Amino acid sequence: MRLDVVTIFPEYLEPLRHALLGKAIEQGILTVGVHDLRNWATDVHKSVDDTPYGGGPGMVMKPGVWGPALDDVAAGTAAGRDLTSSLPHVDKPRHDEPADIDRQATRGGDDADLPLLIVPTPAGRPFTQADAQEWSGEDHIVFACGRYEGIDQRVVEDAANRYRVREVSIGDYVLIGGEVAVLVIAEAIVRLIPGVLGNRRSHEEDSFSDGLLEGPSYTKPRHWRGLDVPEVLFSGNHAKVDRWRRDQALLRTRAVRPELLETVELSDVDRKLLEG
Ligand code: ADE
C-alpha cells in the first residue's frame with residue numbers, strides 16, 4: 001500500500017515512521033510520502049489560506065494551492081520525501097512477526113482504479129472499524145490535511161474527478177487540523193493489512209470487529225497487589241475461556257456503550273446473561 005499525506009506541517013506525520021507502521025515500511029508492505037502543501041503555493045509569502053467569502057472568523061485554505069497539489073499526488077508526480085522506518089531491527093523477530101504475508105489488494109466498485117482521497121474533517125461521516133477494514137485493501141490512499149476553517153469545498157468536488165473522495169471525522173470534537181486524525185486513521189488501516197500484525201487473531205478479536213468492546217486481559221504474575229487473575233483463565237478449558245471472554249465483552253459493552261448491543265447478533269446464552 002502507498003500512503004501520501006499533503007499537509008502544511010510535514011513533521012507532524014513523523015510518528016508514521018515508528019512502531020508497527022515503521023515495521024511495515026521496513027518490510028516493503030507500506031510506502032509513505034509526505035508532501036508540504038506550501039510547495040504548491042504561488043505567491044512570495046507561500047500563503048495557503050485566505051479570508052472566507054461571506055465573512056466570519058478564521059481562514060479557508062485556497063483551491064488554487066490544493067488543486068494542483070492533489071493533481072500531482074494523484075499522478076505520482078509530486079516531489080516530497082518518502083518516510084524511512086525509524087526501526088533498526090528488521091532482523092529481530094517479535095511476538096507479532098508476520099506469519100503469512102498476503103499483500104494482494106482486494107478492491108471493488110466501478111472506479112476502484114482511482115486512488116482513495118481521505119479528507120479528515122469534523123464535518124465528515126464518522127470513521128469506523130468497518131472503514132479501516134475496507135480501506136486496508138487499497139493500493140493508494142491520499143490524505144488531505146485541512147487547517148484553520150477547512151479547505152474550499154470546491155477542492156473536494158473537483159478531486160472527485162481523480163479520486164474516490166471520503167470526508168471523515170474521527171469523533172465529535174474539533175482538532176486544530178487533520179494531521180492527528182490522519183495518524184489515527186492510517187494506524188487503524190495499516191494494522192489490518194495482511195502481514196502487518198503477525199497474529200491474525202489479534203484483530204479478529206479487536207473491539208468492534210464483532211460489534212462488541214473487548215473484555216479485560218491479564219498476564220503474569222497471577223497475584224499482584226492483592227488482585228488475582230480470574231480463576232477461569234487457568235482452567236485449560238478453551239470453550240469455557242471463550243464463553244467467559246464473550247460474557248465479559250457483553251457486560252462491558254452494556255456498561256459502556258449499550259447502543260452497540262442493538263446491532264449485535266446475540267445467542268440465547270448471550271441474552272440470558274444480559275437479562276440475568
Ligand atoms: N479535523 C479537525 N477536527 C477533526 C475531527 N474531529 N475529525 C477529523 N478531522 C478533524
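In which sense do S6 and S8 pair, and over how many bridges? The two strands pair in the parallel sense, over seven bridges. The legends below describe close-up views of this and other parts of a predicted model.

**Figure 1. Overview of the chain in the predicted model.** The chain has 276 residues, of which 41% count as buried. Its secondary structure consists of eight helices and 10 strands. Where contacts link residues at least 6 apart in sequence, 76% of them join residues at least 24 apart.

**Figure 2. The open sheet of six strands.** The strands follow the order S5-S2-S1-S7-S6-S8, and their pairing is mixed. Strand S5 (81–82) and strand S8 (164–169) stand at the edges; each has a single partner strand, so one side of each is left without a neighbour in the sheet. In the pairing of S6 with S8, which is parallel and has seven bridges, Arg125 is placed opposite Val168 in S8.

**Figure 3. Strand S7 and its partners, S1 and S6.** S7 is mostly covered, five of its five residues being buried. His140, Val142 and Ala144 point one way from the strand, whereas Ile141 and Phe143 point the other way. S1 pairs with S7 in the parallel sense over five bridges, and Asp4 stands opposite Val142 in S7. S6 also runs parallel to S7, to which three bridges join it; here Leu116 is the residue opposite Ile141.

**Figure 4. The largest nonpolar core.** This core contains 32 residues, and those with the most contacts inside it are Leu3, Leu16, Leu30, Ile118, Ile141 and Phe143. At least two core residues come from each of the following elements: strands S1 (2–7), S2 (31–36), S6 (116–126) and S7 (140–144), and helices H1 (19–26), H3 (129–135) and H5 (179–190). Helix H5 supplies the largest share, seven residues.

**Figure 5. The surroundings of Leu16, and a second core.** When neighbours within four places in sequence are left aside, Leu16 is in contact with Val5, Leu21, Gly22, Ile25, Val32, Leu83, Leu183 and Ala186. Separate from the largest core is a second one of 22 residues, which includes Ile8, Ala69, Val119 and Val165.

**Figure 6. The largest pocket.** About 600 Å³ of space lies in this pocket. It is lined by 27 residues, and the closest to its centre are Glu205, Glu214, Pro216, Ser217 and Arg245. Helix H6 (200–204) and helix H7 (238–256) each contribute at least two residues to the lining, with the largest share, seven residues, coming from H7. By class, the lining comprises 11 nonpolar, five polar and 11 charged residues.

**Figure 7. The second largest pocket.** The volume of this pocket is about 460 Å³. Among the 25 residues that line it, Pro120, Thr121, Pro122, Ala123 and Gly150 are the closest to its centre. S6, helix H4 (153–159) and S8 each supply at least two lining residues. S6 gives the largest share, five residues. The lining divides into 14 nonpolar, eight polar and three charged residues.

Technical notes. Residues numbered from 1 in each chain as written. Predicted model: local features only at pLDDT ≥ 70, side-chain atom pairs only at ≥ 80, totals over all residues. Heavy atoms only, no water. Core = buried A, V, L, I, M, F, W, Y, C linked by side-chain atoms within 4.5 Å. Buried < 20%, exposed > 50% of the residue type's maximum accessible area, 1.4 Å probe, protein only. Helix = DSSP H or I, 4+ residues; strand = E, 2+ residues; numbered from the N terminus. Contact = heavy atoms within 4.5 Å. Pairing = 2+ DSSP bridges. 1 Å grid on protein atoms, 1.4 Å probe; cavity = no way out; pocket = protein on both sides within 12 Å on 5 of 7 lines; lining within 4 Å. Points joined across faces, edges and corners; volume = space filled by probe spheres on them. Nonpolar A, V, L, I, M, F, W, Y, C, P; charged D, E, K, R; others polar.
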